[in-house]
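Here is a short briefing on one protein structure. Look over the sequence and the model first, then read the points by topic.

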Amino acid sequence: MEKDILHPTKLLKGRISLKFQKEKDLNDFCESTFEYYDKERFEAIAIRLYYGKEIIVTLYALDKARQQGGGFYFGKLPVKKFKTTAISLAQVLPFIEEFNFTLTSGNYPLDSMEVINK
């Protein structure tokens with residue numbers, strides 16, 4: 001009986017960069033997307049996008065007020081997690097000037113590649 005093993009080329013991992021429009025930034029996007037996000041209280045530090053059976057956007061934002069106090073582990077950041085599924089690609093695109101990403105099968109490190117057909 002064969003084991004069902006995920007083939008390495010069925011899962012790609014990588015890096016992505018995103019540039020916002022000149023007059024917009026991550027805080028503008030967060031305020032328009034996440035209920036209760038206030039750029040005076042929070043600082044967006046990470047964002048995750050899941051696309052599958054549904055679109056889920058998760059924001060991790062530093063709680064600046066709690067950072068001044070205590071009540072969390074030393075060396076850790078007090079982060080509030082915001083999550084929404086009530087978003088479409090059409091709502092995201094007006095904020096973005098460009099994005100770029102590279103995905104790899106994970107079989108070889110990207111840093112070890114040398115392009116030979118220049």
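Phe 99 sits in strand β5 of this predicted model. Its relative accessible area is 47%. Phe 99 therefore counts as partly exposed, as that class runs between 20% and 50%.

**The surface patch**

- Phe 99 belongs to a nonpolar patch on the surface.
- The other members of this patch are Leu 12, Ile 16, Leu 18, Phe 101 and Leu 103.
- Together, the patch residues have about 600 Å² of accessible area.
- Two elements each give two or more residues to the patch: β1, spanning 13-20, and β5, spanning 96-104.
- Of the elements, β5 gives the most, with three residues.

**The nonpolar core**

- The largest nonpolar core of the model holds 14 residues.
- Phe 29, Cys 30, Phe 34, Tyr 37, Leu 59, Ala 61 and Phe 82 have the most contacts inside this core.
- Three elements give two or more residues each: α1 (26-33), β2 (42-51) and β3 (55-63).
- The largest share comes from β3, which supplies three residues.

**Ala 61 and its contacts**

- Ala 61 is among the core residues with the most contacts inside the core.
- Neighbours within four places in sequence are set aside in the contact list of Ala 61.
- On that basis, Ala 61 is in contact with Tyr 37, Phe 42, Glu 43, Ala 44 and Ile 45, among others.
- The list for Ala 61 also includes Pro 78, Val 79, Lys 80 and Phe 82.

**Thr 58 in strand β3**

- Thr 58 lies in strand β3.
- Is Thr 58 buried or exposed? Its relative accessibility is 5%, so Thr 58 counts as buried, the cut-off being under 20%.
- Residues up to four places away in sequence are not counted among the contacts of Thr 58.
- Beyond them, Thr 58 touches Phe 34, Ala 46, Ile 47 and Arg 48, and also Lys 81, Phe 82 and Lys 83.
- Phe 82 thus appears in the contact lists of both Thr 58 and Ala 61.

**Gln 91 in helix α3**

- Gln 91 is placed in helix α3, which covers residues 89-92.
- Gln 91 has a relative accessible area of 42%, so it is partly exposed.
- A polar atom of the Gln 91 side chain lies 2.7 Å from the backbone nitrogen of Ser 88.
- Gln 91 and Phe 29 are 62 residues apart along the chain.
- The C-alpha atoms of Gln 91 and Phe 29 are separated by 9.3 Å.
- Phe 29 is one of the core residues with the most contacts inside the core.

Definitions and conventions. Residues numbered from 1 in each chain as written. Predicted model: local features only at pLDDT ≥ 70, side-chain atom pairs only at ≥ 80, totals over all residues. Heavy atoms only, no water. Patch = residues over 30% accessible without salt bridge, like charges linked within 9 Å, V, L, I, M, F, W, Y side chains within 5 Å. Areas by Shrake-Rupley, 256 points an atom, 1.4 Å probe, with all protein chains shown as cover. Salt bridge = Lys/Arg side-chain N within 4 Å of Asp/Glu carboxyl O. Helix = DSSP H or I, 4+ residues; strand = E, 2+ residues; numbered from the N terminus. Buried < 20%, exposed > 50% of the residue type's maximum accessible area, 1.4 Å probe, protein only. Polar contact = N/O pair within 3.5 Å; in protein donor to acceptor, adjacent residues only side chain to side chain. Core = buried A, V, L, I, M, F, W, Y, C linked by side-chain atoms within 4.5 Å. Contact = heavy atoms within 4.5 Å.
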